[in-house]
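Q: Please take a close look at the disulfides in this chain. I would like to know which cysteines are joined, where they sit, and what surrounds them.

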Amino acid sequence: MTHYSPSVGRGSCGYLSGDNDNVVALSHEMMGHAANPNQNPKCGTKIGIWNPRTLKHHTATVVDTCGACKKFDID
């Protein structure tokens, strides 16, 4: 997982998010190539993130696409 700062503007899903929101960007391979990225079915989806080192679980909402991420990366 890398660091993502949503406060720089609208993501590919068209949502405005703040730095304190639990949001993520998925790789372009996971997001797919919708004709209109704002209507991507993955936009707004909640995903679970598990950290095996800390044994903590978080939930985040998909709001953007990460062009530099590898296939299964979460930004």
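A: What follows describes the disulfides and their surroundings in this predicted model.

The setting comes first. The chain has 1 helix and 3 strands, and from the N terminus on these elements run β-α-β-β. Strand 1 covers residues 23–27 and strand 3 covers residues 56–66; the two pair in the parallel sense over 5 bridges. Within strand 3, Thr65 stands opposite Leu26. Strand 2, residues 46–51, runs antiparallel to strand 3 and is joined to it by 6 bridges. Asn51 has Lys56 of strand 3 as its bridge partner. Strands 2 and 3 form a hairpin with 4 residues between them, and Leu55 in the turn has a positive phi of about 60 degrees.

The structure holds 2 disulfides. With bonded cysteines counted along the chain, their pattern is 1-2, 3-4.

One disulfide joins Cys13 to Cys43, with an S to S distance of 2.0 Å. This pair links distant parts of the chain, 30 residues apart: Cys13 is in the segment before strand 1, and Cys43 is in the loop between helix 1 and strand 2. The link of Cys13 and Cys43 is left-handed, with -80 degrees about the S-S bond. Cys13 has a relative accessible area of 3% and therefore counts as buried, the limit being under 20%. Cys43, at 12%, is buried as well.

Both cysteines of this link belong to the largest nonpolar core, which has 10 residues; the others are Val24, Leu26, Met31, Ile47, Ile49, Ala60, Val62 and Ile74. Strand 1, strand 2 and strand 3 each supply at least two residues of this core. Leaving out residues up to four places away in sequence, Cys43 touches Cys13, Tyr15, Met31, Pro37, Asn38 and Val62. Of these, Cys13, Met31 and Val62 are also listed in the core.

The loop that carries Cys43 also holds Asn40, between helix 1 (28–31) and strand 2. Asn40 counts as buried because its relative accessibility is 7%, against a limit of under 20%. A polar atom of the Asn40 side chain lies 2.8 Å from the backbone nitrogen of Lys42. Apart from neighbours within four places in sequence, Asn40 is in contact with Met31 and Ala34. Met31 is thus a contact of Asn40 and of Cys43.

The other disulfide is formed by Cys66 and Cys69, whose sulfur atoms are 2.0 Å apart. Here the link is right-handed, with 85 degrees about the S-S bond. Cys66 falls within strand 3, residues 56–66, while Cys69 lies in the segment after strand 3. Cys66 is buried, with a relative accessible area of 8%, and Cys69 is buried at 7%.

Beyond residues up to four places away in sequence, Cys69 touches Ser27, His28 and Asp75. Ser27 falls within strand 1, residues 23–27, and His28 within helix 1 (28–31). Cys69 and Ala25 are 44 residues apart in sequence, and their C-alpha atoms are 9.1 Å apart in space.

For the chain as a whole, buried residues make up 32% of the 75 residues. Among contacts with a separation of 6 or more, 60% are between residues 24 or more positions apart. The chain exposes about 5100 Å², of which carbon and sulfur atoms supply 52%.

Methods: Residues numbered from 1 in each chain as written. Predicted model: local features only at pLDDT ≥ 70, side-chain atom pairs only at ≥ 80, totals over all residues. Heavy atoms only, no water. Pairing = 2+ DSSP bridges. Core = buried A, V, L, I, M, F, W, Y, C linked by side-chain atoms within 4.5 Å. Buried < 20%, exposed > 50% of the residue type's maximum accessible area, 1.4 Å probe, protein only. Contact = heavy atoms within 4.5 Å. Polar contact = N/O pair within 3.5 Å; in protein donor to acceptor, adjacent residues only side chain to side chain. Areas by Shrake-Rupley, 256 points an atom, 1.4 Å probe, with all protein chains shown as cover. Disulfide = S-S within 2.5 Å.
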